[in-house]
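Colleague: Please take a single site in this model and go through it closely. After that, set out the rest of the fold in the same plain terms.

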Amino acid sequence: MATSSNASSSGLPSSSSTPSGSSNKTKDPIVEAGLVVADVYKTAKYLQNYKFPYCDDVVKYEMLVKIGEGTFGEVCKGRDRKDPRKFVAIKKVLMDHEKEGFPITALRELKILQTLKHENIVNLIEVCCSKPHPKTFVISTYLVFEFCEHDLAGLLANVNVKFTLCQIKSVMQQLLNGIYYLHSNKILHRDIKSSNILVTKSGCIKVADFGLSRAFSTPEQGKPPNRYTNRVVTLWYRPPELLLGERNYGPSVDMWGVGCIMAEMWTRSPIMQGNSEISQLTLICNLCGTITTDVWPDVEKLELFGKIELPQNQKRRVKERLKPYLVDPYACDILDKLLMLDPKRRIDSDTALNHEFFWTDPMPSDLSVTISQHKSSMFDYNKTRTRPYRPGNIRAAYSKLKAQVAPSSTNVDKYKDLIF
Ligand SMILES: Nc1ncnc2c1ncn2[C@@H]1O[C@H](COP(=O)(O)OP(=O)(O)O)[C@@H](O)[C@H]1O
Ligand SMILES: [Mg+2]
């Protein structure tokens, strides 16, 4: 972010006072400032007044209310001081536990967000920073996004928000359009869940939270397989292959989450709420049937298959169990294909978008009528808390939500199957 500036106008300790004794005035002042190890105070003072190019001071926004907190930061609604009609969401990059500079996860999120431009992907407006903290000299960094009025978890938690079949089709179609765009650009989201799906007041769906996302490649034949981490995706939305230790995975991990969200559109809360990896797998087997090599030939190659005791002789009951909620036969069919145990047999976003569900009456219809009836924002964060914005809460929030295995909703200590 910092590249160059005029040293004399910003009060940088003069180059002759640096331990290196360098008098080369053409050097980048920031690089020089980095060399002034002994003179931290002078450097801090310099930074107080330093204007980072391409990175405005976050004071340009008025912080209004806290709307979210998670693993990597907290999110506030903000208003542009120069244009009070412009609202934004400001996500602070959490630095509390960083010993080695700017967190790599935030850098990855930023880099990916900068390359993505699509109407169903949240739009990053800019990156802002704060003045250095007077005692620690730490400069905070903020990602500034277009503001979306709701998230899907918040909307689904409110019984007054009712979606028709046409509107559910629209939500799913827009979500799949966003996912299709990501996957065609070789990006895995790796944290698909309802609180990461935003909804604008005009009913536009935006995929958000790229904190766990990464670029992926499809390994060519004869080349070594990918070895990505399998500690990704919030537990309740985590597909069986990750729970069984798969490290050579691809876009199908996101499609499982899409399936969980689709069911949630009718059940109104996450369908499989395990409290550990094993309980999550048990819930999956109860719904999707026993995991065997008959239904999933490659499963025996996975590290944890055969090492964990899982329910045996379970029939697949996805359609049977969800029919009372979904009713529509095409909805049941696409959901069945999204919740396939074998990732190779799970439907991809392109095929899903071509499914009859989206192309038969009643056709997908505009959400704005329903959404615009609700004047106050609904966020996952508000479901369980009503506290006002307090910046000091980050550390507590971090330890509480640190493990993404613990989803943000309540009842994580119960072993719950909501569609039984
Ligand atoms: N652009 C946005 N507009 C409105 N709300 C947002 C926006 N971005 C995030 N939020 C809210 O903040 C919450 C947390 O943000 P998110 O990016 O998911 O970070 P994390 O979950 O890593 O803390 C979201 O679940 C959502 O409720
Ligand atoms: Mg999130």
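Modeller: A residue counts as buried when its relative accessible area is under 20%, as exposed when it is over 50%, and as partly exposed in between. The model is predicted, and the site taken here is that of the magnesium ion (ligand 2).

Which protein atoms act as donors to the magnesium ion? They are OD1 of Asn-196 and OD of Asp-209, at 2.1 to 2.2 Å from the ion. The two residues are 13 apart and link distant parts of the chain. Asn-196 sits in the loop between strand 7 (187-188) and strand 8 (197-199), while Asp-209 sits in the loop between strand 9 (205-207) and strand 10 (214-215).

Is Asn-196 buried or exposed? Asn-196 has a relative accessibility of 6%, so it counts as buried. Asp-209 has a relative accessible area of 22% and is therefore partly exposed.

Strands 8 and 9 also belong to an open sheet of three strands, ordered 6-8-9 with antiparallel pairing. Its edge strands are strand 6 (150-151) and strand 9, each of which pairs on one side only. Three bridges connect strand 8 with strand 9, and Ile-197 stands opposite Val-207 of strand 9. In general, strands of a sheet pair through backbone hydrogen bonds, parallel or antiparallel.

Another open sheet has five strands in the order 1-2-3-5-4, again with antiparallel pairing. Strand 1 (61-69) and strand 4 (124-129) are at its edges, each pairing on one side only. From one strand to the next the twist averages 30°. Strand 4 is joined to strand 5 (residues 141-146) by five bridges, and Cys-129 has Thr-141 in strand 5 as its bridge partner. Strand 3 (residues 87-92) contains Lys-92, which an unreviewed UniProt entry lists under "binding site".

There is also the nonpolar core to consider. The largest one has 100 residues, and those touching the most other members are Phe-163, Leu-175, Phe-210, Met-262, Met-265, Ile-291 and Leu-339. Helix 8 (residues 252-267) supplies the largest share of this core, 10 residues. Domain 1 (58-146) and domain 2 (150-399) each give the core at least three residues. As a general tendency, nonpolar side chains in soluble globular proteins are buried together.

To return to the site: the magnesium ion has Asn-196 and Asp-209 as its protein donors, with Asn-196 buried and Asp-209 partly exposed.

Key: Residues are numbered from 1 along each chain as its sequence is written. Chains are lettered from A and ligands numbered from 1 in the order in which they are written. This is a predicted model: local features need pLDDT of at least 70, side-chain atom pairs count only at pLDDT 80 or more; totals for chains, interfaces and linings use all residues. Side-chain values use heavy atoms; hydrogens and water are left out. Two strands pair if DSSP finds at least two bridges between them. Helices (H or I, at least four residues) and strands (E, at least two) are DSSP runs, numbered from the N terminus. Axes are lines fitted to C-alpha atoms, for helices over the stretch in contact, and angles run from 0 to 180 degrees between N-to-C directions. Donors are N, O and S atoms within 2.8 Å of the metal (3.2 Å for Na, K and Ca); water is not among the atoms, so sites may look incomplete. Buried means under 20% relative accessible area, exposed over 50%, partly exposed in between (1.4 Å probe, protein chains only). UniProt positions are given in the numbering used here, feature names are shortened, and annotations may be inferred rather than shown by experiment. A nonpolar core is a set of buried Ala, Val, Leu, Ile, Met, Phe, Trp, Tyr and Cys residues joined through side-chain atoms within 4.5 Å. Domain bounds come from an automatic or database domain assignment.
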